[in-house]
Amino acid sequence: MDYGLSEEQQLFRDEMRKFAEQSLAPHYQEDDRTGEMSPSIRRECAAMGLLGLRIPDEYGGQDADAVAVGIAAEEMARANINAAYLVLSTALVTDILLAGCTVEQRERWLPGIADGSVYPTLALTEPGHGSDAANIELAARPTEDGWTLHGEKTSISLAHLADRAVVFARTGGPGARGVSAFYVGLDAPGLSIVRLRDVGNRAAGRCSLFFDGVPVRRDELVGTEGAGFVSVMQGFEYSRAIIGLMTLGTAAAALDDAMEYARTRETFGAPIGTRQGVAFPLVEYATYVAGARHLCYEALWRKDRGLDHTEAANMVKWWAPKIAVEAIHQALLTFGHGAWSDDNPQSQRLRDAMGFEIADGTAQIAKLVVARHLLGRPYAP
Ligand SMILES: Cc1cc2nc3c(=O)[nH]c(=O)nc-3n(C[C@H](O)[C@H](O)[C@H](O)COP(=O)(O)OP(=O)(O)OC[C@H]3O[C@@H](n4cnc5c(N)ncnc54)[C@H](O)[C@@H]3O)c2cc1C
């Protein structure tokens, strides 16, 4: 067994940590207050090649493996989990496009994502259907040269900043086999976008999308008709491990800050870190974070080797954000009144990490998937 990163991976981690501390951390709290992501973040991420990590080099990308995406997302999230969203979303959309699109579509779509000129998001959730995504209702009605889209998507991250979205719509009958994926320009006629007011992840933000006869061409269909649901579910397995690392990166930063405070804050004549009641909970959460982190990287390592990673990725989808939220909560308490203010980042970290307990599938849905693997489908809930 080899638990270490290769020299190349370690260099990449070091580079990412430096970039995140210099270019992303300064915007973390400021962007939460304004509710807008600083435009320099997208620009600098594009310049670093981070938006094209999964894109093959012939289309201007980095051709990076899944572990590299995990390293980037984790290090970015230590400094600014909302900036890491850009890597999550571009990597997820890229994998869905690569799995389904033709060579001609790759040539048309991938270079723009890689150079940062086209930011993509993913539009699956609807007001009536989140967990049961196989039953989405957004209708794709056939026309002479394609379809028109009718209905509503909601809870779509970064849609107000995005240029395109992979939109899932019903082209066929009921259930998963009637769902197709389209790569839709978000400036299309008949499409309006309304921003939501959120508890956390405010710099990334979510939107509702209203489709009133939005035209999509036949060559904007991703893969074949009826293959949309399978493509998104395969992508989600991978993104669930990336989300795990994002939340754990944020938790690690929260614990680091709490430990530094425990060394310097004195009560009753001694640093608070010398009290077991302060030190041991931090140690316990550092242990949980380390354990969950290993499982995230195992899922990505398995993906890179073409091995089944469904079980590991879904285990960390329920576990990592939960551990992260609890660890950040404990880190917040370590500061006493000092963290009960927006000036201290702990409360924002808590709000931001909590969103990932829901995004991309809740804990219950992840556990359902794991139960089907462990118990076998006929015996699972
Ligand atoms: C920060 C954030 C970002 C998001 N970004 C995106 C995005 O970019 N694109 C996108 O398409 N969507 C996005 N979403 C939506 C997200 O994927 C859905 O919210 C999620 O899948 C859950 O769906 P729902 O909210 O409709 O909850 P529901 O499906 O209505 O579930 C409600 C509750 O019931 C539980 N539940 C449901 N079914 C079962 C069951 N069978 N067994 C046990 N419990 C069950 C759930 O766990 C949950 O607690 C985002 C959400 C958040 C919070």
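How do the residues of the lining of the second largest pocket divide into nonpolar, polar and charged? The points below take up that question along with the other pocket and the ligand.

1. This is a predicted model, and what follows should be read with that in mind. The question above has a plain answer, since the lining of the second largest pocket divides into seven nonpolar, three polar and seven charged residues.

2. The second largest pocket has a volume of about 600 Å³, and of the 17 residues that line it, Asp2, Tyr3, Tyr297, Glu298 and Trp301 are the closest to its centre. Two elements, helix 1 (7-24) and helix 7 (276-304), give two or more residues to the lining of this pocket, and helix 7 gives the most, with seven residues.

3. Where does the second largest pocket lie with respect to the domains? Residues of its lining come both from domain 1 (7-114) and from domain 3 (229-379), and therefore the second largest pocket lies between these two domains.

4. The largest pocket holds about 1400 Å³ of space, and its lining is made up of 50 residues, among which Phe236, Ile358, Ala359, Asp360 and Gly361 lie nearest the centre. By residue class, the lining of the largest pocket divides into 23 nonpolar, 18 polar and nine charged residues.

5. Several elements contribute to the lining of the largest pocket, each with at least two residues: helix 4 (66-100), strand 1 (120-123), strand 3 (146-157), helix 6 (228-264), helix 8 (310-334), helix 9 (346-355) and helix 10 (363-375). Which of these supplies the largest share of that lining? Helix 6 does, with nine residues.

6. Turning to the ligand, a reader may begin with its surroundings, which comprise 20 residues, the closest being Thr125, Ser131, Ser155, Thr362 and Gln364. Threonine 125 also takes part in a polar contact, in which a polar atom of its side chain lies 2.7 Å from a nitrogen atom of the ligand.

7. Backbone atoms make polar contacts with the ligand as well: leucine 122 has a backbone N or O atom 2.9 Å from a nitrogen atom of the ligand, whereas at glycine 130 a polar backbone atom is 3.4 Å from an oxygen atom of the ligand. As for how far the ligand is covered, it has 960 Å² of accessible area on its own, and the protein covers 62% of that area.

Note on methods:
Residues are numbered from 1 along each chain as its sequence is written. This is a predicted model: local features need pLDDT of at least 70, side-chain atom pairs count only at pLDDT 80 or more; totals for chains, interfaces and linings use all residues. Side-chain values use heavy atoms; hydrogens and water are left out. On a 1 Å grid over the protein atoms alone, a cavity is a set of points where a 1.4 Å probe fits but cannot get out, and a pocket is an open set with protein on both sides within 12 Å along at least five of seven lines; lining residues have an atom within 4 Å of a point. Grid points are joined across faces, edges and corners, and a volume is the space filled by probe spheres set on the points. Helices (H or I, at least four residues) and strands (E, at least two) are DSSP runs, numbered from the N terminus. Ala, Val, Leu, Ile, Met, Phe, Trp, Tyr, Cys and Pro count as nonpolar, Asp, Glu, Lys and Arg as charged, and the others, Gly among them, as polar. Domain bounds come from an automatic or database domain assignment. A residue is near a molecule or strand if one of its heavy atoms lies within 4 Å of it. A polar contact is a pair of N or O atoms within 3.5 Å; within protein, one must be able to donate a hydrogen and the other to accept it, and residues adjacent in sequence count only if both atoms are side-chain atoms. Accessible areas come from the Shrake-Rupley method with a 1.4 Å probe; for residues, only the protein chains shown count as cover.
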